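Open the model in your viewer and keep the selection tool at hand. We will go stop by stop.

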Amino acid sequence: MPAKKKLRVQVYNQEGSVPFQSLVDSARQPFDLSGIETEWIDALRQPKTLMPYALNSNLGLRVTKGKPGPNLGSGYAVPGGVLSSIYPETLQSYRRLGEDAYHKIVGMSGAHEIGHLTGKPHSKKGLMRANFRPEELNDNANWGFIDD
Ligand SMILES: [Zn+2]
């Protein structure tokens, strides 16, 4: 079995409604469950640590103000690309469930987009399903990488 490659994510938390550490604590969970080692860099605070992007090993996540545009949900990532974007403004409805719920969904949205960057398509179940719903938030079965 080949050595597992560590996935490095440079996070640009420009929108800032979820603190960097909360975002990372949530976003890393699906990768942990799948045995994928990750490292998360606060790109706004540690610019000297930034490294060139490299497909499948060094990726970027922008957390951005505003909305992505029609039919793009809470974010986007070009499959096989290196930089993804999420828009917490589109996830405000989760705040009625509390700030922890909101932090979780923003992190999971980031993990979903990073999944696309690593080549994962949409699936019927798990983190890569196309649409998230608030009532699914506390069912952990919905938040891993599940191939179908
Ligand atoms: Zn998607």
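The tour below goes from a helix to strands and then to a loop.

This is a predicted model: local features need pLDDT of at least 70, side-chain atom pairs count only at pLDDT 80 or more, and totals for chains, interfaces and linings use all residues. Residues are numbered from 1 along each chain as its sequence is written.

**Stop 1: the helix.** Select residues 99-117, helix α3. Helices (H or I, at least four residues) and strands (E, at least two) are DSSP runs, numbered from the N terminus. At 1.5 Å a residue, times one less than the number of residues, the 19 residues of α3 should span 27 Å, and the end C-alpha atoms are indeed 27 Å apart. Of those 19 residues, 15 are buried, so α3 is largely enclosed by the rest of the structure. Buried means 20 or more other C-beta atoms within 10 Å of a residue's own; exposed means 12 or fewer, partly exposed in between, with C-beta atoms placed from the backbone. Step just past α3 to Gly119, which takes a positive phi of about 100°.

**Stop 2: the strands.** Select β5, residues 83-86. Ser84 and Ile86 point to one face and are buried. Leu83 and Ser85 point to the other and are not. Now add β3 (58-63): β3 and β5 pair (at least two DSSP bridges) in the parallel sense over 4 bridges. Arg62 has Ser85 as its bridge partner. Add β4 (75-77), which pairs with β5 in the antiparallel sense over 3 bridges. Here Ala77 stands opposite Ser84. β4 and β5 form a hairpin with 5 residues between them, and Gly80 in the turn has a positive phi of about 85°.

**Stop 3: the loop.** Select Arg45, between β2 (38-42) and β3. Buried or exposed? Arg45 is exposed, with 10 other C-beta atoms within 10 Å.
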